[in-house]
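Q: I'm new to this structure and would like a close look at one part of it. Could you take me to a spot where the two chains meet, and then show me what lies around it?

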Amino acid sequence: MLNYLYARCITAIIVIFGVSTLVFLLIHIVPGDPVEVMLGETAQLADREALRTALGLHLPLYQQWLNFMSQLFTLDPGTSIYSKREISSLLAERIPPTALLACASIITAISIALPLGIMAAVYRGSRWDIGAMTLSMFGISIPNFWMGPLLIMVFSLWLGWFPVSGNEGFASLILPAFTLGTALAALLSRMVRASLLEILNEDYIRAARARGLSQLAVILRHALPNAALPIITVLGMQFGALLAGAVITETIFSWPGVGQLTIEAIQKRDYPVVQACVLLISLTYVTVNLLTDLAYAFLDPRVRLEK
Amino acid sequence: MNRYLSFPVIVLSAWCLLALSATLLSLRPDEIILQKILALPEWQAWLGYDDLGRPIADRMIMGARTSLLVAFSVVFISFVVGTIIGVFAAWFGGWWDKISVLIIDIFIAFPGILLAIALAGLLGPGIMNAVIALSIVGWVGFARLARAQTLTIKHREHVTAARALGTRTSRMVFRHLLPLIMAPLIVEATFAIAGTVIAEASLSFLGLGVQPPDASWGSMIREGTRYMLVAPHMVLAPGVAIFLVVLSINLLGDRLRDKMDVRLNNGK
């Protein structure tokens with residue numbers, strides 16, 4: 001068990017190292033001179049050289065990579081070229097809204113997926129099952145950059161229930177959370193259904209029924225806890241898709257989070273900010289995946305007790 | 001053909017036919033009619049006009065062309081590159097395998113579309129760069145699957161027998177390995193096409209894909225979001241198209257997976 005934990009953590013560290021290097025290479029190997037792109041072709045030579053020195057681009061590549069890695073270790077991502085602000089303070093501003101949005105989407109997704117998946121599994125093959133799975137197929141197939149505008153059109157513009165964009169209180173959270181949560185809800189409900197179906201055939205479920213437990217008690221006390229592991233795994237694996245979806249959802253709703261910052265930085269060619277944002281999102285994803293694996297090992301006695 | 005399949009087959013045939021015959025249809029996707037700006041659907045233009053007075057139906061067909069072109073090129077490149085890397089990693093094993101697995105793990109650590117967004121942003125907007133960005137992200141899924149499949153087949157008796165007979169590596173791969181691992185790869189490719197249609201539209205929605213005046217369903221939605229109150233058809237038409245195409249591919253993929261009876265986790 002401990003061996004597994006060590007091996008998993010070491011892999012995660014190597015992957016983090018590789019991810020950082022890839023982000024570094026991304027910025028430096030992509031054709032085109034970033035200085036020229038940032039300043040435009042008409043810029044003065046002196047200005048170009050000044051920016052080049054300020055960014056450390058005059059150094060040899062390996063030196064730049066070492067600088068980049070040392071920045072990473074000291075958790076100092078540098079300053080934005082565009083706004084001249086410390087990137088760490090920019091991120092500190094932007095992380096809480098994104099975290100809030102991600103949590104709200106996960107809660108939305110779970111509260112849609114659990115009833116839907118349970119219903120589909122319990123009434124397998126019935127109209128309820130077909131309906132729930134059709135709904136989930138729709139959810140998987142609707143891209144969030146269409147879902148968002150549709151929700152805005154119906155609930156903000158026509159019905160006037162929620163604000164169109166921005167981050168002002170609870171009401172402005174609902175539409176973005178729903179937009180981001182739909183795809184996850186769709187995938188989760190299929191997973192809930194599949195893992196419940198497997199478990200409902202087990203002997204202990206039959207035993208629980210034979211003892212005269214109600215349908216609800218059988219599902220909630222005996223089936224669901226045992227179906228939880230694959231569901232948690234899917235949740236962890238889908239977290240990356242959720243973060244990437246946040247980039248688009250935040251752009252649609254002008255939600256002031258990391259995703260919107262990423263797109264703004266890409267549009268303004270603010271390379272240090274792009275680098276920091278992509279790195280932050282990827283590292284969050286790697287960490288969540290590691291935690292999911294560890295949680296899996298911790299929650300499942302079969303994995304935990306294995307020598 | 002059973003009833004379950006007829007809907008996706010109709011939608012996907014329409015998608016391919018319209019996209020491939022776009023040049024023959026004498027469309028005018030860039031023609032601007034100033035009197036018709038934001039006009040609602042009518043007899044001559046059954047999907048209405050956009051904010052510049054261009055017919056949306058014609059632009060939709062050009063958008064179909066864009067999404068078909070990007071989706072098939074990206075999936076083709078990813079399929080070939082990923083399968084080669086995956087098969088060879090598993091076949092040769094050792095360090096070659098370790099390094100391939102590490103690279104695959106690193107790429108998987110990025111939420112795919114995020115890496116594509118960053119790459120497309122850095123390479124500069126444009127359809128060619130979108131294809132490059134999406135292919136750089138796309139090969140990983142195929143490589144991982146091809147490697148896993150090859151590992152399960154590598155030690156089968158027919159492979160050992162072929163090896164004992166002194167079969168060359170290339171013949172071994174093409175005659176004894178690839179045919180056996182093709183089914184799951186094709187299922188993966190089906191879902192990858194759905195994923196790429198959405199990814200291309202996402203890039204274009206963010207302004208990183210197709211550049212004006214060329215049409216993409218994603219950029220059409222983006223343009224439409226500014227006029228949702230007066231011209232909802234601008235957002236509805238391309239959205240319905242993406243939804244129908246992606247839904248059909250997903251239905252087809254599910255069906256294909258059941259038929260070929262391969263178990264794999266559906267994408268990322």
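**A nonpolar patch and a helix crossing**

A: Happy to. Let's start on the surface of this predicted model, where A:Leu2, A:Tyr6, A:Ile10, A:Ile14 and B:Leu102 form a nonpolar patch, with about 490 Å² of accessible area together. Helix H1 of chain A gives the largest share of this patch, four residues. One residue to look for is A:Leu2, which is found in helix H1 of chain A.

Now follow that helix to its partner in the other chain. H1 of chain A covers residues 2-29, and H3 of chain B covers residues 94-108. Their axes come within 9 Å and cross at roughly 70°. Angles of 65 to 115 degrees count as roughly perpendicular, and H1(A) and H3(B) are therefore roughly perpendicular to each other.

Which residues make this contact? From H1(A) come A:Thr11, A:Ile14, A:Val15, A:Gly18, A:Val19 and A:Leu22. From H3(B) come B:Leu102, B:Asp105, B:Ile106 and B:Phe107. Sorted by class, the contact has seven nonpolar, two polar and one charged residues. You may recognise two names here: A:Ile14 and B:Leu102 take part in the helix contact, and A:Ile14 and B:Leu102 also belong to the surface patch.

With that spot in mind, let's step back to the chains themselves. Chain A has 13 helices and zero strands, so to speak an α element at every step from the N terminus on. Its C-alpha atoms fill a box of roughly 85 × 60 × 30 Å, taken along the principal axes. Chain B has nine helices and zero strands, and the C-alpha atoms of chain B fill a box of roughly 75 × 45 × 30 Å along the principal axes.

Two loops are also worth a visit. In chain A, A:Ser254 lies in the loop between helix H10 (215-253) and helix H11 (258-268). A:Ser254 has a positive phi of about 50°, although it is not a glycine. In chain B, the loop between helix H7 (169-205) and helix H8 (217-224) holds B:Pro213. There, a cis peptide bond joins B:Pro212 and B:Pro213, with omega at about 5°.

Key. Residues numbered from 1 in each chain as written. Chains lettered and ligands numbered in written order. Predicted model: local features only at pLDDT ≥ 70, side-chain atom pairs only at ≥ 80, totals over all residues. Heavy atoms only, no water. Axes fitted to C-alpha atoms, helices over the stretch in contact; angles between N-to-C directions. Parallel < 35°, antiparallel > 145°, perpendicular 65-115°, else oblique. Contact = heavy atoms within 4.5 Å. Nonpolar A, V, L, I, M, F, W, Y, C, P; charged D, E, K, R; others polar. Patch = residues over 30% accessible without salt bridge, like charges linked within 9 Å, V, L, I, M, F, W, Y side chains within 5 Å. Areas by Shrake-Rupley, 256 points an atom, 1.4 Å probe, with all protein chains shown as cover. Salt bridge = Lys/Arg side-chain N within 4 Å of Asp/Glu carboxyl O.
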